[in-house]
Amino acid sequence: QVQLVESGGGLVHPGGSLRLSCAAAGIIFGRCDMAWYRQGPGKQRELVARITFGGTIIYDASVNGRFSILRDNAENTVDLQMNSLKPEDTAVYYCNAKGPRPTGEYVDFWGQGTLVTVSS
């Protein structure tokens, strides 16, 4: 089955850094678009960063220049390096995969989320 397992969340002070990682299984990773979304308290889920299977990257304006999305097609992982964190970055961060399974089925799949809290 498809699995996306996030790790790396936690509590960090403003200005600090965290690196989130998402390990994928059950998909043809190298043909999937991978993304990180987040949902802050009382807010809707929003796109943070996406990297397509072709390597095209987009960032939300609020994180551009502070966050970096990286994929490793050999390890089937996608990471989100977060620097200069702000309290407004506090959210549950979700990994998302869009693309084919070995069965040929197209999936749009979410991980369980990992909590990032930015607070002094």
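Is Glu46 buried, partly exposed or exposed? I looked this up first and found a relative accessible area of 33%, so Glu46 is partly exposed. I note that the model is predicted.

**Entry 1: Glu46 and its partner**

I checked what Glu46 pairs with. Glu46 forms a salt bridge with Arg38, and the closest N and O atoms are 2.8 Å apart. Arg38 has a relative accessible area of 5%, so I wrote it down as buried. The pair thus joins a partly exposed residue to a buried one. I then followed the pair outward and found a network of salt bridges that links Arg38, Glu46, Arg66 and Asp89.

**Entry 2: the other salt bridges**

I counted 6 salt bridges in the model. One of them is between the side chains of Asp79 and Arg19, at 3.1 Å from N to O. Asp79 sits in strand β8 and Arg19 in strand β3, so I recorded a link between distant parts of the chain, 60 residues apart. Which of the two is buried? I found that Asp79 is buried, because its relative accessible area is 14% and the cut-off for buried is under 20%. Arg19 is at 41% relative accessibility and therefore counts as partly exposed.

I also noted Glu105, whose side chain meets that of Arg101 in a salt bridge of 3.2 Å, N to O. Glu105 counts as partly exposed, at 42% relative accessibility.

**Entry 3: strand β8**

Asp79 led me to its strand. Strand β8 covers residues 77-82. How many of its residues are buried? I found 6 of 6, so the strand is mostly covered. I then looked at each side of β8. Thr77, Asp79 and Gln81 are on one side, Val78, Leu80 and Met82 are on the other, and all are buried.

Next I looked up the strands joined to β8. Strand β3 (residues 18-25) is joined to β8 by 6 bridges, and the two run antiparallel. Here Cys22 stands opposite Val78 of β8. Strand β7 (residues 67-72) is also joined to β8 by 6 bridges and is antiparallel to β8. In this pairing Ser68 stands opposite Gln81.

**Entry 4: Gln81**

I stayed with Gln81, which lies in strand β8. Gln81 counts as buried, at 18% relative accessibility. What does Gln81 touch? Leaving out residues up to four places away in sequence, I listed Ser17, Leu18, Arg19, Arg66, Phe67, Ser68 and Leu70. Two names on this list appear in earlier entries: Arg19 is the salt-bridge partner of Asp79, and Arg66 belongs to the network with Arg38, Glu46 and Asp89. I also found a polar contact of 2.9 Å between the side chains of Gln81 and Asn83.

**Entry 5: the loops at either end**

I finished with the loops before and after β8. The hairpin of β7 and β8 has 4 residues between the strands. Which residue of this hairpin takes a positive phi? I found Asn76, with a phi of about 55 degrees, although Asn76 is not a glycine. Asn76 lies in the loop between β7 and β8. Its relative accessibility is 24%, so Asn76 counts as partly exposed.

Ser84 lies in the loop between β8 and β9 (91-100). The phi of Ser84 is near 50 degrees, which is again a positive value in a residue other than glycine. Ser84 counts as partly exposed, at 42% relative accessibility.

Technical notes: Residues numbered from 1 in each chain as written. Predicted model: local features only at pLDDT ≥ 70, side-chain atom pairs only at ≥ 80, totals over all residues. Heavy atoms only, no water. Buried < 20%, exposed > 50% of the residue type's maximum accessible area, 1.4 Å probe, protein only. Pairing = 2+ DSSP bridges. Polar contact = N/O pair within 3.5 Å; in protein donor to acceptor, adjacent residues only side chain to side chain. Contact = heavy atoms within 4.5 Å. Salt bridge = Lys/Arg side-chain N within 4 Å of Asp/Glu carboxyl O.
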